[in-house]
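Subject: Structure handover

Hi,

Here is the structure I promised to pass on. Please open it alongside this email.

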Amino acid sequence: MLGIPTHLAPRVNAWSTVRAFHAAAIGSILAAAIALLLLGATDPGARVIGAVLALVPMLGMIGVHVQFGTWRSAVAFLVVGAVCVWWFAMVVQREVATPWVASYLLSLAVIPLVLVGGAGAVPGRVVLWSIGGFLVGRGAALLALVQTDGVPHPLVLAWVTLVFVVALVLSTSRATARSARVQPELLRSAREEHVSAYRAGVEAEAAAILHDTVLNHLGAIAIAPDGPMDRQLARTVDADIAALTGHGWLGVHDADAPVAPVGVLEQLLHDERERGLEITLTGDTSSLGQLDDHTLDALVRATGQCLANVRKHAGVDRAEVSLFDDGASATVMVVDDGRGFDESATGADRMGLRGSVRQRIERVGGSVQVWSSPGAGTSVMMTVPVAAGAAHGPAPVSAPRSPDTGPVEKDEAGRSW
């Protein structure tokens with residue numbers, strides 16, 4: 001009940017309860033039929049086929065009532081059920097001599113009328129329909145008793161069923177009322193948790209972007225030789241400052257300059273090649289077209305950080321970027337044969353591979369695996385889920401600027417990721 005809107009909970013509760021009652025009613029009819037057939041098999045003199053046939057119309061009316069679930073179908077079920085119980089009781093009174101067996105069989109025939117449930121819209125009405133069904137069934141059985149001059153039967157099992165139905169409906173109604181009082185607090189807590197998680201994600205992405213731009217630029221300026229700043233570095237710094245001080249710098253796309261998904265990665269690789277890194281691209285780039293905006297943005301930014309680390313810290317000027325997908329996820333792998341590093345040796349306060357790659361990919365539901373050791377090169381595999389139903393790919397996304405400058409995280413050997 002806690003997961004259902006407050007205004008729908010009572011109706012859903014009553015509807016589900018009535019559906020369970022209908023299943024139990026079918027079980028009661030089948031149990032009566034099986035008991036009669038077993039009785040007929042053990043006592044060839046007992047002609048019980050008529051009683052078994054009397055149950056068939058009642059079973060059919062349960063199906064009709066389950067299909068429509070209206071008060072009219074409930075009334076029709078009670079009318080047909082009363083006739084069937086009368087017919088059933090007439091046969092049982094004549095053919096079953098043992099009183100407790102006859103009482104048990106008559107209870108099984110009356111129980112489906114107790115479990116009629118009406119239209120199932122309001123719990124209180126379910127109780128009234130169950131009481132009415134019991135009275136109708138009991139009246140039909142008494143009429144057959146009078147016509148056959150039989151012995152009265154207490155129908156204990158039918159009484160127990162009626163009490164159980166009333167108690168169950170009333171208890172579930174109280175539980176629904178309690179959940180209606182509690183649910184607003186749960187919804188408020190869930191909303192606050194959602195807002196907190198969203199805020200944490202925004203802050204983490206902002207920190208990663210600042211690492212990719214400002215912190216790296218400051219490191220590059222610090223280690224640059226005396227004299228005028230390199231023109232390419234100056235242009236990169238100006239562009240990043242303009243982006244960070246503008247509106248929507250955490251956004252994933254620029255409506256004034258749309259770029260196809262494949263073009264986003266190609267622009268990134270072009271920028272890195274302009275900075276002196278030789279990059280080999282392999283695989284199927286069309287898999288990027290199946291990613292949504294945020295996932296594509298995160299994947300390309302993380303790839304840019306990996307390539308920047310290769311250029312600055314691996315000690316080589318070559319890297320390979322491979323793309324592949326399995327229909328459910330897309331993967332980009334960045335491989336170099338440089339110095340390598342020990343990821344466990346990086347400090348907990350460092351943001352490179354941890355914040356700009358691993359956590360960024362994890363925020364969009366992906367995963368990152370790193371294989372590296374000193375002197376053995378580095379391989380970073382980033383896997384992200386494909387957008388459900390993305391037949392034509394995501395909306396255009398602007399290419400993020402690749403980090404351009406010096407080290408921020410260092411391992412024990414002085415290499416940074």
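Below is what I found, starting with the whole chain and then going region by region.

**Overall**

This is a predicted model. The protein has 10 helices and five strands. There are 417 residues, and 43% of them count as buried. The accessible surface comes to about 20,700 Å². Carbon and sulfur atoms account for 62% of that surface. I also looked at contacts between residues at least 6 apart in sequence. Of these, 76% join residues at least 24 apart.

**Salt bridges**

The count comes to four salt bridges. Three of them are described here, beginning with R47 and E95.

The side chains of R47 and E95 meet at 3.8 Å, N to O. R47 lies in the loop between α1 (9–42) and α2, while E95 lies in helix α3, so the pair ties together parts that are 48 residues apart in sequence. The two partners are covered to unlike degrees. R47 has 64% relative accessibility and counts as exposed. E95 has 17% and counts as buried, because the cut-off for buried is under 20%.

Next comes R318. D317 forms a salt bridge with R318, and the closest N and O atoms are 3.6 Å apart. D337 also meets R318 in a salt bridge, at 3.8 Å, N to O. This second pair links distant parts of the chain. D337 sits in the loop between β3 (329–336) and α10 (352–363). R318 sits in strand β2, residues 318–325. The two residues are 19 apart. Through the shared partner, D317, R318 and D337 join into one network. On accessibility, D317 is partly exposed at 41%. R318 is partly exposed, with a relative accessible area of 41%.

General background: side chains of opposite charge can pair when their charged atoms come close.

**Nonpolar surface patch**

Which residues make the nonpolar surface patch? They are L37, I49, L53, V56, V83, W86, W87 and L143. The patch covers about 740 Å². Helices α2 (49–68) and α3 (71–95) each supply at least two of its residues. V56, one of the patch residues, lies in helix α2.

**Helices α4 and α5**

Two packed helices are described by the angle between their axes and the distance between the axes. Here the pair is α4 (residues 99–114) and α5 (residues 123–148). Their axes come within 7 Å and cross at roughly 145°. The crossing of α4 past α5 is right-handed. On the α4 side, the residues that meet α5 are V110, L113 and V114. On the α5 side they are W129, S130, G133, F134, V136, G137 and R138.

**L108, L155 and V160**

L108 is found in helix α4. It is buried, with a relative accessible area of 5%. What does L108 touch, leaving aside its neighbours within four places in sequence? Its contacts are S28, A31, A32 and L157.

L155 is found in the loop between α5 and α6. L155 counts as buried, at 1% relative accessibility. Its backbone deserves a look. Phi of L155 is near 55°, a positive value in a residue other than glycine. Most residues other than glycine have a negative phi.

How far apart are L108 and L155 in space, C-alpha to C-alpha? The separation is 8.9 Å. Along the sequence they are 47 residues apart.

V160 lies in helix α6, residues 156–223. V160 is partly exposed, at 49% relative accessibility. For this class, the value must fall between the 20% limit for buried and the 50% limit for exposed. The C-alpha atoms of V160 and S107 are separated by 9.8 Å. Those two residues are 53 apart along the chain.

**Recap**

For a quick tour, try these views:

- The R47–E95 salt bridge, which joins a loop to helix α3.
- The network of D317, R318 and D337.
- The nonpolar patch that includes W86 and W87.
- The right-handed crossing of α4 and α5.
- L155, with its positive phi.

Best wishes

Conventions. Residues are numbered from 1 along each chain as its sequence is written. This is a predicted model: local features need pLDDT of at least 70, side-chain atom pairs count only at pLDDT 80 or more; totals for chains, interfaces and linings use all residues. Side-chain values use heavy atoms; hydrogens and water are left out. Patches are made of residues with over 30% relative accessible area and no salt bridge: like charges are joined within 9 Å, nonpolar side chains (Val, Leu, Ile, Met, Phe, Trp, Tyr) within 5 Å. Accessible areas come from the Shrake-Rupley method with a 1.4 Å probe; for residues, only the protein chains shown count as cover. Helices (H or I, at least four residues) and strands (E, at least two) are DSSP runs, numbered from the N terminus. Buried means under 20% relative accessible area, exposed over 50%, partly exposed in between (1.4 Å probe, protein chains only). Axes are lines fitted to C-alpha atoms, for helices over the stretch in contact, and angles run from 0 to 180 degrees between N-to-C directions. A crossing is left-handed if the near helix is turned anticlockwise from the far one by less than a right angle, and right-handed if clockwise. Contact means heavy atoms within 4.5 Å.
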